[in-house]
Amino acid sequence: MQLHAKRPALALARLVLASGRSVDLAELRFSSTYGDLLDGYPCKPLNDLRIRSLLHAAERSRPGTPVHLVPPRREYPDQYAGGLGPVEVLPAVACLGTFHSAALDPARDPVACRSRLTVVWFQSTPRLPSDCDAEPALRDLDWPVLARDAPAPP
């Protein structure tokens, strides 16, 4: 298990998971959760559609890399419920990030192979996740179950 190896020069950030495994954030995209909401209000059907759209974008961005959704916190403010049901609000920033780490299989060449996982999560502000303020669910990723080994990028 790799604990605190030197971060590759091109990583945006490094997280140490609850398991002790270090993972490097290689790519991160922020988008406004409701930036394109022109009509209507935030509700479960709209939020579920937004989440599905983000998951599809994640699958298209890194074909062959597994995708995981960190279930978002959903809030229900005391507001008028319209025809689509109660108001349901997700955190303001949708995040799509690709993480890399040491190979899952210790027999694989650590230079030629890395494990990878693309993660979709939501947070309240557009900030780079780091050990001190990453969403707790990011630090709790079950890397051996969710990630997959793949050749290291050139």
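**Fold and helix 1 packing in a predicted model**

Read from the N terminus, the chain's elements follow the order β-β-α-β-β-β-α-α-β. The model is a predicted one. In total, its secondary structure consists of three helices and six strands. The C-alpha trace extends over about 55 × 30 × 25 Å along its principal axes.

Some totals for the chain set the scene. Of its 154 residues, 40% are buried. Among contacts between residues at least 6 apart in sequence, 66% connect residues at least 24 apart. The exposed surface amounts to about 8,600 Å², and carbon and sulfur atoms account for 59% of that area. As for charge, there are 18 positive and 17 negative side chains, and the centres of these two sets are separated by 6 Å.

Helix 1 offers a route into the interior. This helix covers residues 44-61, and its 18 residues, at 1.5 Å a residue, should span 26 Å; the C-alpha atoms at its ends are 26 Å apart, so expectation and model agree. Within helix 1, the buried residues are Asn 47, Arg 50, Ile 51, Leu 54 and Ala 58. Because these residues occupy an arc of only 95 degrees around the axis, they lie on the same side of helix 1. The cover over the buried residues of helix 1 includes strand 2 (22-32), strand 3 (67-69), strand 4 (93-102) and strand 5 (113-123).

Ile 51, a member of helix 1, illustrates this packing. Its relative accessible area is 6%, under the 20% cut-off, and therefore Ile 51 counts as buried. Neighbours within four places in sequence aside, Ile 51 contacts Leu 69, Pro 72, Arg 74, Leu 90 and Phe 122. A further distance concerns Pro 71, which is 20 residues from Ile 51 along the chain; the C-alpha atoms of these two residues are 9.5 Å apart.

Thr 33 provides a second view, from outside the helix: this residue sits in the loop between strand 2 and helix 1. Despite its place in a loop, Thr 33 is classed as buried because its relative accessibility is 2%. When residues up to four places away in sequence are not counted, Thr 33 touches Arg 50, Leu 90, Pro 91, Ala 92, Val 93, Ala 94 and Phe 122. Arg 50 in this list is one of the buried residues of helix 1. Leu 90 and Phe 122 are contacted by Thr 33 and also by Ile 51, which links the two descriptions.

Technical notes. Residues are numbered from 1 along each chain as its sequence is written. This is a predicted model: local features need pLDDT of at least 70, side-chain atom pairs count only at pLDDT 80 or more; totals for chains, interfaces and linings use all residues. Side-chain values use heavy atoms; hydrogens and water are left out. Helices (H or I, at least four residues) and strands (E, at least two) are DSSP runs, numbered from the N terminus. The expected span of a helix is 1.5 Å times one less than its number of residues. Buried means under 20% relative accessible area, exposed over 50%, partly exposed in between (1.4 Å probe, protein chains only). The arc is that of the directions from the helix axis to the C-beta atoms. Contact means heavy atoms within 4.5 Å. Accessible areas come from the Shrake-Rupley method with a 1.4 Å probe; for residues, only the protein chains shown count as cover. Lys and Arg count as positive and Asp and Glu as negative; His and the chain ends are not counted. The place of a charge is taken as NZ of Lys, CZ of Arg, CG of Asp or CD of Glu.
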